[in-house]
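Let's take a friendly tour of a protein model. Have the structure open while you read, and look for each spot as it comes up.

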Amino acid sequence: VYDKIVKPREPITDFRTHITGLTREIISRHGHSFKLIQKEVSDLLKDRIVIGHDVKHDFNVLGFSHPRFLIRDTAKYKPFRELAKGNTPSLKKLCLEILKTDIQQGEHNSIEDARSALLLYRKHRAAWERSLKKKKKTGEAQSAPSNM
């Protein structure tokens with residue numbers, strides 16, 4: 001789990017501290033430059049499987065993409081989407097229904113979110129990987145959206 005605070009490149013008018021837990025002081029004291037974070041994440045992910053929830057947003061913010069066949073996105077996995085009637089399920093909903101755990105109460109906790117996505121993947125890993133192999137054999141796209 002990679003968890004670092006990034007110094008913003010643009011002014012922030014509302015830190016949404018009640019959700020993020022971050023303040024101007026915390027970011028000033030513990031934040032790292034965007035370029036450093038971008039390089040570290042890029043180097044860390046090279047040729048590795050990324051497991052997360054709705055990771056397209058993370059990649060968009062970081063300004064790079066990742067090979068679709070190396071992404072396991074709990075927001076895009078078809079059996080999980082079926083729980084939300086074909087829509088994008090929230091991580092909170094998936095955890096409640098599949099893991100029987102209640103997450104995201106109070107301030108956002110990126111480590112809790114990452115661990116929850118990993119637990120969801122691990123619980124369904126065998127079927128998930130079989131479905132990817134089947135898609136690869138039939139020539140279908142991998143389980144990530146095409147805009148990554």
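## Where to be careful

Start with the weak stretch: across residues 142-148 the pLDDT stays under 50, and the model has 21 contacts there beyond four places in sequence. Where pLDDT is low, the predicted coordinates should not be read in detail. Keep in mind that everything here comes from a predicted model. Still, the protein chain as a whole averages a pLDDT of 91, and 94% of the residues score at least 70. The table picks out the two ends of the confidence scale among the helices and strands.

| Element | Residues | Mean pLDDT |
|---|---|---|
| Helix H1 (lowest) | 17-20 | 87 |
| Strand E2 (highest) | 71-73 | 98 |

## The overall layout

How many helices and strands does the protein chain have? There are seven helices and two strands, and along the sequence they follow the pattern α-α-α-β-α-β-α-α-α. Taken along the principal axes, the C-alpha atoms fill a box of roughly 50 × 35 × 20 Å. To get a feel for distances, try Ala-127, which lies in helix H7. Ala-127 and Lys-35 are 92 residues apart in sequence, and their C-alpha atoms are 37 Å apart in space. Ala-127 counts as partly exposed, because its relative accessibility is 33%.

Of the 148 residues in the protein chain, 30% count as buried. The protein chain exposes about 9,900 Å², and carbon and sulfur atoms supply 52% of that area. As for contacts between residues at least 6 apart in sequence, 48% of them join residues at least 24 apart.

## The nonpolar cores

In soluble globular proteins, nonpolar side chains tend to be buried together. Here, the largest nonpolar core has 12 residues, including Tyr-77, Phe-80, Ile-103, Leu-120, Tyr-121 and Trp-128. Helix H6 (91-99) and helix H7 (110-138) each supply at least two residues of this core, and the largest share, five residues, comes from H6. There's also a second, separate core of nine residues, with Leu-45, Val-50, Val-55 and Ile-71 among them.

Now zoom in on H6. Its buried residues are Leu-91, Leu-94, Cys-95, Ile-98 and Leu-99. These residues sit on the same side of H6, because they cover an arc of only 100 degrees around the axis. What do the buried residues of H6 pack against? They pack against helix H5 (78-83) and H7. Just after H6 you'll meet Lys-100, which takes a positive phi of about 60 degrees.

Tyr-121, one of the residues of the largest core, is worth a click too. Leaving aside its neighbours within four places in sequence, Tyr-121 is in contact with Ile-51, Arg-72, Trp-128 and Glu-129.

## A look at Asp-54

Finally, find Asp-54 in the loop between strand E1 (50-52) and helix H4 (56-62). Is Asp-54 buried or exposed? It counts as buried, because its relative accessible area is 15%, and the cut-off for buried is under 20%. The side chain of Asp-54 makes a polar contact of 3.4 Å with the side chain of His-57. Setting aside neighbours within four places in sequence, Asp-54 is also in contact with Asp-73, Ala-75, Lys-76 and Thr-88.

Methods
Residues are numbered from 1 along each chain as its sequence is written. This is a predicted model: local features need pLDDT of at least 70, side-chain atom pairs count only at pLDDT 80 or more; totals for chains, interfaces and linings use all residues. Side-chain values use heavy atoms; hydrogens and water are left out. A nonpolar core is a set of buried Ala, Val, Leu, Ile, Met, Phe, Trp, Tyr and Cys residues joined through side-chain atoms within 4.5 Å. Buried means under 20% relative accessible area, exposed over 50%, partly exposed in between (1.4 Å probe, protein chains only). Helices (H or I, at least four residues) and strands (E, at least two) are DSSP runs, numbered from the N terminus. Contact means heavy atoms within 4.5 Å. pLDDT is the predictor's confidence in each residue, from 0 to 100. A polar contact is a pair of N or O atoms within 3.5 Å; within protein, one must be able to donate a hydrogen and the other to accept it, and residues adjacent in sequence count only if both atoms are side-chain atoms. Accessible areas come from the Shrake-Rupley method with a 1.4 Å probe; for residues, only the protein chains shown count as cover. The arc is that of the directions from the helix axis to the C-beta atoms.
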